[in-house]
Amino acid sequence: MISVVGYGSLLSEQSARETVPELENFRLVVVPGYRRIFNKVGIVFFSRHGAGETDLEVASCSTQPAEDISIICSQFECSETAFRELYEREHRFRWAEVETIDQKGVKSQGRMCTGYNDQDYRLNKCITEAEYQRRVGQFYSGVIWRDDILPFSRYLAFCLQAANTQGEPVLNNFLDSSFLADGETTIRAYVEQHPQLVDWRTFDTGYSYKR
């Protein structure tokens, strides 16, 4: 069995089970030394949800190392076959093995999606230009990892709803340990500054996201 750490929509056990139906031992853990950051262009927003090439609200959530920050995540186990399917869905991320701490203080290890860069993605995960075109280029021609993009609103609402299913402490951790691509603005500040996001609890996101 492979241990997986989820930090976005996979904070919701229901969403996690929709993504990995056979998962076992779903639980909440703390991952020290990481933060969430919305700095990855979500290709699915172009391929399925109507985003345009010049839109800025196209970011999905990733993670990156950060001193003095801990994120509350989910952790669960799945088979190698199920993990290969998850790996394929999350193809544009780098997977890292991270330390987790459960609610009893027990430490373990899990695999978590984290930041990558365009050059390494092309060289190491898309063997040919044709493969890159199939996975990315036919939908989007720009840089994937950026510092000038903003969250895709319905996706952000979906992540906040997932965190909210675990209670106020988890929601607050998400709001305060998640940042825009600029690396400075917290998601809490971003939501407060954008009236259309204040009612995120009642957003009909209309579809599922898988992180």
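A salt bridge is taken here as a side-chain nitrogen of Lys or Arg within 4 Å of a carboxyl oxygen of Asp or Glu. The model is a predicted one, and seven such salt bridges are found in it. R27 and E77 form one of them through their side chains, at 3.0 Å from N to O. This pair ties together distant parts of the chain, since R27 belongs to strand β2 and E77 to strand β3, 50 residues apart. E77 has a relative accessible area of 15% and is therefore buried, the limit being under 20%.

The strands that carry this pair also pair with each other. Strand β2 covers residues 24-41, and strand β3 covers residues 57-78. β2 and β3 run antiparallel, with 13 bridges between them. Within this pairing, V30 lies opposite I72 of β3.

β3 has further partners. Strand β1, residues 2-6, pairs with β3 in the antiparallel sense through five bridges. Here V4 has F76 of β3 as its bridge partner. With strand β6, residues 150-151, the sense is parallel, and two bridges connect β6 to β3. In that pairing E57 is set opposite L150 of β6. As a general point, side chains in a regular strand alternate between the two faces of the sheet.

Strand β1 also includes I2. What is the relative accessible area of I2? The value is 12%, so I2 is buried. Apart from neighbours within four places in sequence, the contacts of I2 are F76, E77, C78, E80, F83 and R111. E77, the partner of R27 in the salt bridge described above, is thus among the residues that I2 touches. I2 also has its C-alpha atom 7.8 Å from that of G110, although 108 residues separate the two along the chain.

The next stop is the loop between α5 (129-137) and β6, where R146 is found. Which side chains make polar contacts with that of R146? One is the side chain of Y140, at 3.1 Å; another is that of D148, at 2.9 Å. R146 and D148 also form a salt bridge, with their closest N and O atoms 2.9 Å apart. In general, side chains of opposite charge can pair when their charged atoms come close. D148 is partly exposed, with a relative accessibility of 40%. Beyond its neighbours within four places in sequence, R146 is in contact with N39, V41, L56, Y140 and A181.

Two further sets of charged residues can be located. R122 and E129 make a salt bridge whose closest N and O atoms lie 3.2 Å apart. R122 has a relative accessibility of 36% and counts as partly exposed. E88, E131 and R135 are joined into one network by salt bridges that share partners.

The last element is helix α7, which spans residues 168-177. Which of its residues are buried? They are V170, L171, N173, F174, L175 and S177. These buried residues pack against β2 and β3, and also against α6 (153-164), β7 (178-180) and α8 (187-193). The packing of α7 therefore leads back to β2 and β3, the two strands linked by 13 antiparallel bridges and by the salt bridge between R27 and E77.

How values were computed. Residues are numbered from 1 along each chain as its sequence is written. This is a predicted model: local features need pLDDT of at least 70, side-chain atom pairs count only at pLDDT 80 or more; totals for chains, interfaces and linings use all residues. Side-chain values use heavy atoms; hydrogens and water are left out. Two strands pair if DSSP finds at least two bridges between them. Helices (H or I, at least four residues) and strands (E, at least two) are DSSP runs, numbered from the N terminus. A polar contact is a pair of N or O atoms within 3.5 Å; within protein, one must be able to donate a hydrogen and the other to accept it, and residues adjacent in sequence count only if both atoms are side-chain atoms. Contact means heavy atoms within 4.5 Å. Buried means under 20% relative accessible area, exposed over 50%, partly exposed in between (1.4 Å probe, protein chains only).
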